[in-house]
Amino acid sequence: MAHVESAHLVELALRNATPTDADAEALRHVDRCARCRDELRMLTRVVAAARTAHLVDLPTAPPERVWQHISRDVSDTPDTPRPPAPAPAPGKRVLLALLALAAAAGIAVALRYLHERSGLVRRGVVR
Ligand SMILES: [Zn+2]
């Protein structure tokens, strides 16, 4: 069997759908194939991290008084630096976390594609 397609590995990592016969076949392949096993393990970690992320895990701006104190201590100039932009609203943070997950999955798919393509080029199948 050929390697499991990256999109299928993402679906397996998400575990959102009822397992199918194709999933069972893919998982049998994953058991025997180190490359697919490593990719599924990485994708599963990304999914788990995204699902267990809490709002406190996401970057937020310090309270205004903390920023003023830091600015006063480190600044040589009389002008007080502007504080950082306010943190996004909680709904936007969740959206950002989901976008980060989608970006990670996209990167994994792109890396898999490049890896497969480099193998095909090495074997002379594709130029
Ligand atoms: Zn494989």
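## Leu40 in helix H3

Leu40 sits in helix H3, which covers residues 34–52. This is a predicted model. Leu40 has a relative accessible area of 12%. The cut-off for buried is under 20%, so Leu40 counts as buried.

What does Leu40 touch, beyond its neighbours within four places in sequence? The contacts are Leu9, Leu12, Ala13, Leu27 and Val30. Leu9, Leu12 and Ala13 are among the buried residues of H1. Leu40 and His8 lie 32 residues apart in sequence. Their C-alpha atoms are 9.5 Å apart in space.

## Helix H1 and Ser6

Helix H1 spans residues 6–14, and Ser6 belongs to it. The buried residues of H1 are Ser6, His8, Leu9, Val10, Leu12 and Ala13. An α-helix has 3.6 residues a turn, so residues three or four places apart point the same way.

Is Ser6 buried or exposed? Its relative accessible area is 9%, so Ser6 is buried. The side chain of Ser6 makes a polar contact of 3.1 Å with the side chain of Glu39. Setting aside neighbours within four places in sequence, Ser6 is in contact with Glu39, Val109 and Arg112. Val109 and Arg112 fall in the residue range of helix H5, 90–122.

## The loop after H1

Arg15 comes just after H1. Arg15 is part of the loop between H1 and H2. Its phi is near 50°, a positive value in a residue other than glycine. Arg15 has 67% relative accessibility, so it counts as exposed.

## Helix H2 and Ala22

Helix H2 takes in residues 21–32. Ala22 is in this helix. How accessible is Ala22? Ala22 has 44% relative accessibility and therefore counts as partly exposed. Along the chain, Ala22 and His8 are 14 residues apart. Between their C-alpha atoms the separation is 9.3 Å.

## The zinc site

Which residues coordinate the zinc ion? His3 does so through ND1 and His29 through NE2. Cys33 and Cys36 each use SG. The coordination distances run from 2.0 to 2.3 Å. In sequence, the donor residues follow the spacing H-x25-H-x3-C-x2-C.

Why is the arrangement tetrahedral? The 4 donor atoms subtend angles of 100 to 122° around the zinc ion. Four donors count as tetrahedral if all angles lie between 85 and 135 degrees, so the site qualifies. Two of the donor residues, Cys33 and Cys36, are buried.

## The chain as a whole

The chain has 5 helices and 0 strands. From the N terminus, the elements read α-α-α-α-α. The chain holds 127 residues, and 19% of them are buried. Its accessible surface is about 9600 Å². Carbon and sulfur atoms account for 61% of that surface.

How much of the contact set joins residues at least 24 apart? Among contacts between residues at least 6 apart in sequence, the share is 64%. The contact between Ser6 and Val109 spans such a distance in sequence.

## Confidence

The mean pLDDT of the chain is 79. Of the residues, 76% score at least 70. Which elements have the lowest and highest mean pLDDT? Helix H5 has the lowest, at 74. Helix H2 has the highest, at 96. Where pLDDT is low, the predicted coordinates should not be read in detail.

Note on methods. Residues numbered from 1 in each chain as written. Predicted model: local features only at pLDDT ≥ 70, side-chain atom pairs only at ≥ 80, totals over all residues. Heavy atoms only, no water. Donors = N, O, S within 2.8 Å, 3.2 Å for Na, K, Ca; no water. Tetrahedral: all angles 85-135°; square planar, octahedral: opposite > 155°, others 65-115°. Buried < 20%, exposed > 50% of the residue type's maximum accessible area, 1.4 Å probe, protein only. Helix = DSSP H or I, 4+ residues; strand = E, 2+ residues; numbered from the N terminus. Contact = heavy atoms within 4.5 Å. Areas by Shrake-Rupley, 256 points an atom, 1.4 Å probe, with all protein chains shown as cover. Polar contact = N/O pair within 3.5 Å; in protein donor to acceptor, adjacent residues only side chain to side chain. pLDDT = per-residue confidence, 0-100.
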